[in-house]
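Work through the exercises below with the sequence and the model side by side. Try each task before reading its solution.

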Amino acid sequence: MNGVKIRVLSDEMASRIAAGEVVERPASVVKELIENSLDAGAQKIFICIEKAGSALIRVSDDGEGMAPADLALAIERHATSKLADDDALFRIATLGFRGEALPSIGSIARMEIVSRQVGAATGQLLRVDGGKKDELRTAPAAPGTTVEIKDIFFNTPARRKFLKTPATELSHICDVVNRMALAFPEVHFRLQHDGRTVADYVAVGDAKDRLYQVLGRDVAKGLVPFSSQHGELALSGYVSAVPISFPNTRYIYTFVNRRYVRDKVLTHALLQGYDTLLMRGQYPAVLLLLKIPFEEVDVNVHPAKYEVRFRHQSDIHEAVSRAVRQVLRQEAREPMLHPSSHSTTPFFRVGEAPVPYAIAPTSRYDQPTGREAVFLMPARTEMFSEPGFFSSLTVLGQILGCYLICASQQGLALLDQHAAHERVAFEKLRRQLDAGQVAQQSLLIPQSVELSAGEMMLVEHKRDVLESFGFTLEPFGPNAYAIIAAPALLPEGDYTQTVRQMVAELADVDTSAKLRQHLEERLATIACHSVIRANRKLEIDEMRALLRELDEIEFATQCPHGRPVLLEFSRDELERMFKRVV
Ligand code: ADP
Ligand code: MG
């Protein structure tokens, strides 16, 4: 048991390792330390953070621990117990393998490792300060290992400066813990920040239970399991089949042999499995667990080990997209699957003014018909040079419950009533946002949104941002917020999806200008969807009111998704269509 397990890799071997900077931010330290704990077979991993990791990161585990000789070696470069021989690099079964994490961390912080091997009488303490190591000392300890990192980047002030706001760094840490926790449901993870428990995921027997712990009930309950076997490749996981979707890939978790990876092939395959169920710019929630023989995948390709290379990439792509398609198809037969307005929310940018002349297809449902030439709208200048263009139209009637037929000075004008309403709602909201005063309405019954640990932190620190967009949130238990007020412009309804999407944006974007833009997009999309969806017969007064409103806004000729609001046919065009002239 006390034989030395760690060895220093030969120079030749070390040079084959995709070296790189592993310590980019506090979350990278947390990731490396948790990986070590998992490799040591820990059942409990407790993470203690102070000041978002800039003051303290402590990871304690109940794993196998290190013998004194191993502990002394552990902080040497390229010292690892995980590569037994030179071939081992091609069939890596552990999360770590480079022997670089501890020395790298030790060189940019003050580090203390206390480890007691299972069966040993006492523990050993090793201190490393900015790369300088002390002698080993005996120290009381429970079996397992505790690594404590203080003052990260204290000796590299340039890097310290690059740290983002505490809320952002902390949410990265939460993300790391959540991903590890999803892959190892049988391990108890606890995350504390400044003395407060942020996440406490007790060991569970089932991946689904871990999904509830990590993602919260709202998201987890909509996930459907799947599994399939393709030779030596085993796929399993959960996909969102009910109409939940997100504005980014945040809720897509892909694991290869329990290692979290961001892999383009896997993500692409998943999304292909969804086919047309999701609108462009919307992403599902997915947990994909891939099991594959170790020699079929090269994990030694990325410094932070976030990417892998498959030997048979296209087979895997095919298997994944087929598995996803199959489970979604099965689900569709059950009554659950009805892509609602959430999942069909088209994506657009507030900043980009719609091009006034072109019919821009923004979604696969808005493909150009090939008849754009006929449907070109009047030039904008022309239209706005005459004040009250829309008011000047004579409404002749409404057809099909959604088009207004009008006589214009040029000839015939057709209006898409829904697109017009969208444009108006969007402009109103944008004006309120610009003026910094979004009118609010209090909710009679507060709506609770369950959030993950990381999201809770984000909301806690950025609640004012949501407030400026008209949403007032209050803490509601340890893992939820209650929405107590919403923008008045939105109709009454369920705002939890909206808030959830906005929180996802909070996590994704760090600069406030960009964040603002993203949130505007989010809210504007929702404003658009808030307008009369169904075909509805408008009274003549309502039609006139709508036209007046259109006159008051800019870019009234297109809905915010780029669909035209108005098509106008001049006498010339009508004559050409009827072949009176050629
Ligand atoms: P790697 O994980 O790539 O081997 P590290 O620098 O992260 O490199 O760790 C070096 C060695 O220290 C590991 O190979 C392992 O033997 C030992 N070690 C590190 N952390 C722990 C831990 N929490 N429990 C037991 N052994 C550990
Ligand atoms: Mg390691």
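Burial is graded by relative accessible area: buried means under 20%, exposed over 50%, and partly exposed in between (1.4 Å probe, protein chains only). This is a predicted model, where local features need pLDDT of at least 70, side-chain atom pairs count only at pLDDT 80 or more, and totals for chains, interfaces and linings use all residues. Residues are numbered from 1 along each chain as its sequence is written, chains are lettered from A and ligands numbered from 1 in the order in which they are written, and side-chain values use heavy atoms, with hydrogens and water left out.

**Exercise 1. Grade R217 and place it.**

Step 1. R217 has a relative accessible area of 45%, so R217 is partly exposed.

Step 2. R217 is found in helix α8, residues 217-220. Helices are DSSP runs of H or I with at least four residues, strands are runs of E with at least two, and both are numbered from the N terminus.

Step 3. Set aside neighbours within four places in sequence. R217 then contacts Y212 and E450, where contact means heavy atoms within 4.5 Å.

Step 4. Look along the chain. L451 is 234 residues away from R217, yet their C-alpha atoms are separated by 8.7 Å.

**Exercise 2. Find the partners of E296.**

Step 1. E296 sits in the loop between β16 (286-291) and β17 (297-298).

Step 2. E296 is buried and has no salt bridge. That term needs a side-chain nitrogen of Lys or Arg within 4 Å of a carboxyl oxygen of Asp or Glu. The nearest side chain of opposite charge, R311, is 4.1 Å away. For charge, Lys and Arg count as positive and Asp and Glu as negative; His and the chain ends are not counted.

Step 3. The side chain of E296 does make a polar contact with the side chain of H312, at 2.8 Å.

Step 4. Beyond four places in sequence, E296 contacts R309, F310, R311 and H312.

**Exercise 3. Map the nonpolar cores.**

Step 1. Start with the general rule. In soluble globular proteins, nonpolar side chains tend to be buried together.

Step 2. The largest nonpolar core has 70 residues, and I34, I47 and F189 touch the most other members. Helix α6 (residues 166-183) gives the largest share of this core, nine residues.

Step 3. Apart from this core lies another, of 36 residues, including F310 and V320.

Step 4. Close with the whole chain. Buried residues make up 53% of its 582 residues.

Terms used
A polar contact is a pair of N or O atoms within 3.5 Å; within protein, one must be able to donate a hydrogen and the other to accept it, and residues adjacent in sequence count only if both atoms are side-chain atoms. A nonpolar core is a set of buried Ala, Val, Leu, Ile, Met, Phe, Trp, Tyr and Cys residues joined through side-chain atoms within 4.5 Å.
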